[in-house]
Amino acid sequence: MEDETLKELRHLVAQLTEKVSTLETKIQRLEAQQQIPEEDLVAIGAALAAYFGYAPKVRAIRFGSQSKWATAARERVHDRSVPHVR
């Protein structure tokens, strides 16, 4: 029983190795034809990391490029305080 399972496992590993090697050759041909944009590589890497269960850490934060008057106007809109009291 164990021998059959081991043979089946070896067969599956051999199939997976063959698939990976064919994919690597296809990727090499595609890279030779055109360069993959960095944004696509980042998206692919993030998808793979999420698939394998990697929890990413935030390394940098980019703040919005709005001007100060727009930020101040938004603050006034969301301000719930009473403007004046009698």
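This dialogue shows how to read several features of a predicted model.

User: Which secondary-structure elements does the chain have, and in what pattern?

Analyst: The chain has three helices and zero strands, and along the sequence the pattern reads α-α-α.

User: What does UniProt list for residues 6-33, and how does the model appear there?

Analyst: An unreviewed UniProt entry lists residues 6-33 as "coiled-coil region". In the model, that stretch is 100% helix and 0% strand, with its end C-alpha atoms 41 Å apart.

User: How should a salt bridge be read, and how many does a search of the whole structure find?

Analyst: Side chains of opposite charge can pair when their charged atoms come close. In this model, a search of the whole structure finds one salt bridge. The side chains of Asp3 and Lys7 meet in a salt bridge, at 3.9 Å from N to O. Asp3 and Lys7 are four residues apart in helix H1, so about one helical turn separates them.

User: Are Asp3 and Lys7 buried or exposed?

Analyst: Asp3 counts as partly exposed, at 49% relative accessibility, whereas Lys7 counts as exposed, at 56%. For the chain, buried residues make up 0% of the 86 residues.

User: Which residues form a nonpolar patch on the surface?

Analyst: Residues qualify for a patch only with over 30% relative accessible area. Here, Ile36, Leu41, Ile44, Leu48, Tyr51 and Phe52 form a nonpolar patch, with about 680 Å² of accessible area together. Ile36 is found in the loop between helix H1 (2-33) and helix H2 (38-51), and Ile36 is partly exposed, with a relative accessible area of 34%.

User: How much area does the chain expose?

Analyst: The chain exposes about 9,300 Å², of which carbon and sulfur atoms supply 59%.

Conventions:
Residues numbered from 1 in each chain as written. Predicted model: local features only at pLDDT ≥ 70, side-chain atom pairs only at ≥ 80, totals over all residues. Heavy atoms only, no water. Patch = residues over 30% accessible without salt bridge, like charges linked within 9 Å, V, L, I, M, F, W, Y side chains within 5 Å. Areas by Shrake-Rupley, 256 points an atom, 1.4 Å probe, with all protein chains shown as cover. Salt bridge = Lys/Arg side-chain N within 4 Å of Asp/Glu carboxyl O. Helix = DSSP H or I, 4+ residues; strand = E, 2+ residues; numbered from the N terminus. Buried < 20%, exposed > 50% of the residue type's maximum accessible area, 1.4 Å probe, protein only. UniProt positions renumbered as here; feature names shortened; annotations may be inferred.
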